[in-house]
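Here is a short walk through one model, meant for someone seeing it for the first time. Take a look at it, then read on.

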Amino acid sequence: MRKDYGGKALLPLLLFLGLYVGCGVVFLAQGVEKPFNIMSRYVAMIAGILAALFFYARDKTIAEKIDVYCENAGRPGVMQLGLIVLMAGAFASGATAAGGKESIVNLGVALIPSHFLVPGIFIMCAVISTCIGTSMGTLAAMIPVAFALAEGAGLNPAMCGAACIGGSFFGDNLSMISDTTITATKGVGAEMKDKFRMNFLIALPAAVLTVILYGILSINAGSSAVTPGAYNILACVPYVAVLGLAVAGLDVILVLAIGLALSGVIGVLTGACTFFEWAGQVSAGMEGMFWLAVFSMMTSGLVGLVRYYGGIEWLVGKVTKMIRGRKSCEYVVGFLTFIVSAVILNNTMAILIAAPIAKEMGENFKNAPKRLASLLDIGACTAIMLVPHGTAAMMVQEVASANYVEILPYLFYPFFLLICTAVTIQLGLMRNKAEREAEK
C-alpha cells in the first residue's frame with residue numbers, strides 16, 4: 001500500500017540534485033575545470049536512495065522497501081532502455097572502427113561548394129549527428145574540419161563554431177540512436193518513429209531558416225578551394241541503413257543489430273579493421289554507455305520509491321494546479337527539462353529526471369507521448385546549445401579563440417527551434433485524434 005508523505009517524499013530526489021547540482025554550481029563559481037564531474041553522480045544518487053530507504057515508512061522493513069526499489073529499477077522499459085543504449089554505443093564505435101565516421105565527414109567536405117561553407121558546415125554536422133547519434137562525437141570530428149575550412153576561406157570563426165553547435169544538436173535531438181531520443185521515448189512510452197516524425201517537422205523549419213541566414217551572412221565568403229580527405233562510400237552504408245530502417249519503423253534493437261553487423265562485415269572486407277579490432281571497439285562503445293544503463297536503473301528505482309511515498313502524485317497535483325490545459329502542460333514539460341539540463345549540463349540526465357513527471361502530467365491532460373518525448377528532447381538539447389559553460393560552447397571557444405559573447409549572436413538554430421516549438425504548442429499542430437477529442 002502506498003504512503004502519503006506529500007512534498008516530503010521528494011526530499012531524497014532533492015538530496016541527489018542538491019549534492020550533484022549544488023556542488024557543481026559551487027565549483028563552477030570557483031572556476032574549477034569540469035565542475036560537474038567532481039561530485040560523482042553515483043554517490044549523489046546513492047545518498048538519495050539510502051535516504052529514501054531509511055527515513056520513510058518505518059512500519060515497513062528495509063527488505064520490503066528494497067523490493068519497491070528493485071521493482072521500479074527493473075521495469076521492462078528500463079531494462080529495454082539499458083539494452084538499447086548499449087547497442088547504440090556498440091554501433092557507434094563499431095561503425096567508427098570500420099572507417100564510417102571519417103568517411104562521412106570527408107564525404108560531407110567533398111560535397112560542400114566552397115561558396116556555401118557556413119551553411120554547408122551546419123548541414124554536414126546535422127547529417128553526421130543524425131547518423132552517429134551524438135552531438136559531442138560530431139563536434140569532436142567536425143570542429144577541427146570546420147575551422148580548417150574557416151581559416152582557408154577567410155570565414156568568421158565564431159559563426160563557423162555556432163554552425164557546428166547547431167548542426168550537431170539538430171541530429172542529436174532527432175537521431176534514432178541518440179541517448180536523448182531513446183531516453184525520452186522510453187521515459188514517456190512513445191514510439192520512436194512517431195517522436196522522430198514530429199520532432200523533425202518542428203526542427204526542419206528552424207534548420208531551413210538557419211541555413212538561409214547563414215547563407216545570407218556568408219554570401220561573399222568562401223573563395224578558397226578546400227581539398228577533402230579520402231572517403232569510402234561503402235563505409236557510410238551502416239549509418240544510412242540504420243537511419244532508413246529506423247524511419248521505416250523497425251524495432252530499434254533490430255535496427256541497431258543490423259547496423260552493427262553491417263559495420264563489422266564492411267570493416268573486415270575493406271581492410272579498415274580485423275574482426276577482433278572491430279570487436280574490441282564494439283566492447284569499448286558498450287562500456288562507454290554502461291553509466292547510462294546503470295544510472296537509468298538507479299534513477300527509476302529512486303523515482304519509484306518517491307512515487308511509493310506519494311511524492312510524484314503530490315508534485316503532479318501542485319503543478320497541475322498551475323496548468324490550465326494542453327498548452328500550458330506542454331510549455332511546463334519543455335521548460336522543466338530546459339532548466340534541469342541548463343543546470344546539470346547533461347541533456348540525457350535531465351530527461352531521465354523529468355520524464356516520469358512529464359508522463360504523469362501528460363496522462364492527466366491527454367497529451368500524446370510523441371509530443372511529450374519531443375518536448376523533453378528539445379528542451380534538454382536547446383539548453384546545452386545556449387549555456388556558456390556547456391561542453392559545446394567550451395570546445396568552440398577553445399579551438400576558435402572566440403569568446404561566448406562572439407559566438408552567441410550566431411547561434412540561430414536554438415532560438416529558431418524554440419520559436420517553432422512555441423508555435424507548434426500554441427497552434428496545436430500535429431495533434432492526434434485523442435488529443436483533439438480531449439480538448440473538446
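## Before we start

First, a bit of vocabulary: helices here are DSSP runs of H or I with at least four residues, numbered from the N terminus. Keep in mind, too, that this is a predicted model.

## The big picture

How many helices and strands are there? The chain has 21 helices and zero strands. Of its 440 residues, 54% count as buried.

Contacts often reach far along the sequence: among those joining residues at least 6 apart, 81% link residues at least 24 apart. On the outside, the chain exposes about 18,200 Å², with carbon and sulfur atoms supplying 67% of that area.

## What sits inside

The largest nonpolar core has 120 residues, and the ones touching the most other members are Phe 16, Leu 376 and Tyr 413. Helix α13 (residues 275-308) gives this core its largest share, 11 residues. There's also a second, separate core of six residues, with Ala 97, Leu 260, Trp 278 and Val 282 among them.

Tyr 413 is worth a click. Setting aside neighbours within four places in sequence, Tyr 413 is in contact with Phe 122, Gly 166, Phe 170, Ala 203, Ala 206, Ala 207, Thr 210 and Met 385.

## Helix α6, wrapped up

Helix α6 covers residues 117-132, and at 1.5 Å a residue its 16 residues should span 22 Å; the end C-alpha atoms are indeed 22 Å apart, so the two agree. Is this helix enclosed or open? Since 14 of its 16 residues are buried, α6 is largely enclosed by the rest of the structure. Right after α6 comes Gly 133, with a positive phi near 75°.

## The two ends of helix α8

Helix α8 runs over residues 157-174, and Pro 157 lies in it. With a relative accessibility of 33%, Pro 157 counts as partly exposed, because that value falls between the 20% and 50% cut-offs. Pro 157 and Gln 397 are 240 residues apart along the chain, yet their C-alpha atoms are separated by 9.6 Å.

Leu 174 lies in α8 as well, but its relative accessibility is 1%, so Leu 174 counts as buried. Leaving out residues up to four places away in sequence, Leu 174 touches Thr 181, Phe 196, Asn 199, Phe 200 and Ala 203. As for Phe 196, it is 22 residues along the chain from Leu 174, with 5.9 Å between the C-alpha atoms.

## A nonpolar patch on the surface

Some nonpolar residues are on the outside. Ile 46, Leu 50, Phe 54, Phe 55, Ile 62 and Ile 66 form a surface patch with about 530 Å² of accessible area together. The elements giving two or more residues to this patch are α2 (41-54) and α3 (62-73). Which element gives the largest share? That's α2, with three residues.

Phe 55 is in the loop between α2 and α3, and at 58% relative accessibility it counts as exposed. Ala 57 is found in the loop between α2 and α3 too, but at 0% relative accessibility Ala 57 counts as buried.

## Two positive phi values outside glycine

Ala 57 has another point of interest: its phi is near 50°, a positive value in a residue other than glycine. Lys 366 isn't a glycine either, and its phi is positive at about 60°.

Lys 366 is found in the loop between α16 (347-365) and α17 (369-386). Is Lys 366 buried or exposed? Its relative accessibility is 51%, so Lys 366 counts as exposed.

Methods
Residues numbered from 1 in each chain as written. Predicted model: local features only at pLDDT ≥ 70, side-chain atom pairs only at ≥ 80, totals over all residues. Heavy atoms only, no water. Expected span 1.5 Å × (residues − 1). Buried < 20%, exposed > 50% of the residue type's maximum accessible area, 1.4 Å probe, protein only. Core = buried A, V, L, I, M, F, W, Y, C linked by side-chain atoms within 4.5 Å. Contact = heavy atoms within 4.5 Å. Patch = residues over 30% accessible without salt bridge, like charges linked within 9 Å, V, L, I, M, F, W, Y side chains within 5 Å. Areas by Shrake-Rupley, 256 points an atom, 1.4 Å probe, with all protein chains shown as cover. Salt bridge = Lys/Arg side-chain N within 4 Å of Asp/Glu carboxyl O.
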